[in-house]
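Me: I'm new to this structure and don't know where to start. Please pick a single spot, take a close look at it, and then walk me outward from there.

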Amino acid sequence: MKYSNLWLSTGEKDNHPIDAIICPAGPGAAPPLGNAKYWNYTSQWNLLEYSGAVFPVTSVDQKIDVKDLGYVPMNEQDRFNYELYSPEKYVDAPVSLQLVTRRFECEKCLKVLEVVERAMGRK
């Protein structure tokens, strides 16, 4: 109920709550098979029964996406993800976002995703 109330409160000024949220789908690029250990980015929306779609926005570029050797992980889950990453292991791995709408808004979710993909030059 708190999520729903917070979502609806975004429309207090104009009586039109936000249509969708675009947020990360995970802590980084798609991990190698069997290594997706941290699923909190998507699970909260599943537990709320909100509609969602994950879509790729780019892919790992070995020249740009170098490992930050000075990074200090914040906890064990963060350490796992940090140690998992190496540009050589993630060649062309997709980096994705997710688009989320409220319960029973599957059609809206897909329509908003169409608009986003068009804006990205994909349709």
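**Starting from one loop**

Reply: Let's begin with glutamate 88, which lies in the loop between α3 and β3. One thing to keep in mind as we go: this is a predicted model. Is glutamate 88 buried or exposed? With a relative accessible area of 63%, glutamate 88 is exposed, because the cut-off for that word is over 50%. Now look for valine 66, which is 22 residues away from glutamate 88 along the chain. The C-alpha atoms of these two residues are 9.6 Å apart.

Step back from the loop into helix α3, which covers residues 76-84. Asp78, Tyr82 and Leu84 are buried there. Those three cover an arc of only 165 degrees around the axis, so they sit on the same side of α3. As background, an α-helix has 3.6 residues a turn, so residues three or four places apart point the same way. Turn α3 around and you meet the exposed residues Glu76 and Glu83, carried on the face away from the buried side. While you're at this helix, find the ring of tyrosine 82: the charged end of lysine 67 sits over that ring, 4.4 Å from its centre.

Next, go the other way from the loop, into β3, residues 94-101. β3 belongs to an open sheet of three strands, in the order β1-β3-β2, with antiparallel pairing. What does that order mean for β1 and β2? β1 (21-24) and β2 are at the edges with a single partner strand each, so each has one side without a neighbour in the sheet. On average, and ignoring direction, neighbouring strands here are turned by 30 degrees against each other.

You can trace the pairings strand by strand. Strands of a sheet pair through backbone hydrogen bonds, either parallel or antiparallel. β1 and β3 are joined by four bridges in the antiparallel sense. Two residues to look up are isoleucine 21, whose bridge partner in β3 is valine 100, and proline 24, whose partner in β3 is leucine 97. On the β2 side, β2 and β3 pair over eight bridges, again in the antiparallel sense. Alanine 53, for example, has leucine 99 in β3 as its bridge partner.

Two helices lie across these strands. α4 lies across β1, β2 and β3 and runs at about 20 degrees to β2. Between β3 and α4 (106-119) there is a loop, and phenylalanine 104 is found in it. Phenylalanine 104 has a positive phi, near 65 degrees, although this residue is not a glycine. At 70% relative accessibility, phenylalanine 104 counts as exposed.

The other helix is α2, which lies across β1 and β3 and runs at about 20 degrees to β3. In the loop between α2 and β2 (51-59) you'll find glutamate 49. Glutamate 49 isn't a glycine either, yet its phi is positive, at about 60 degrees.

Let's finish with the rings around α2. The whole structure holds five aromatic pairs. In one of them, tyrosine 3 and tryptophan 45 have ring centres 6.0 Å apart and planes at 80 degrees, so the pair is edge-to-face. This pair links distant parts of the chain: tyrosine 3 is in helix α1 (residues 2-9) and tryptophan 45 is in helix α2 (residues 40-47), 42 residues apart. Tryptophan 45 also pairs with tyrosine 50, and here the rings are stacked, 5.9 Å centre to centre with 25 degrees between the planes.

How much of each ring residue is open to the outside? Tyrosine 3 is partly exposed, with a relative accessible area of 39%. Tryptophan 45 is buried at 10%, and tyrosine 50 counts as buried at 10% relative accessibility. Put Trp7 into the picture too, and you have the cluster that ring pairs build from Tyr3, Trp7, Trp45 and Tyr50.

Methods: Residues numbered from 1 in each chain as written. Predicted model: local features only at pLDDT ≥ 70, side-chain atom pairs only at ≥ 80, totals over all residues. Heavy atoms only, no water. Phe/Tyr/Trp six-rings, centres within 6.5 Å; stacked < 30°, edge-to-face > 60°. Buried < 20%, exposed > 50% of the residue type's maximum accessible area, 1.4 Å probe, protein only. Lys NZ or Arg CZ within 6 Å of the ring centre and 35° of its normal. Pairing = 2+ DSSP bridges. Axes fitted to C-alpha atoms, helices over the stretch in contact; angles between N-to-C directions. Contact = heavy atoms within 4.5 Å. Arc of directions from axis to C-beta.
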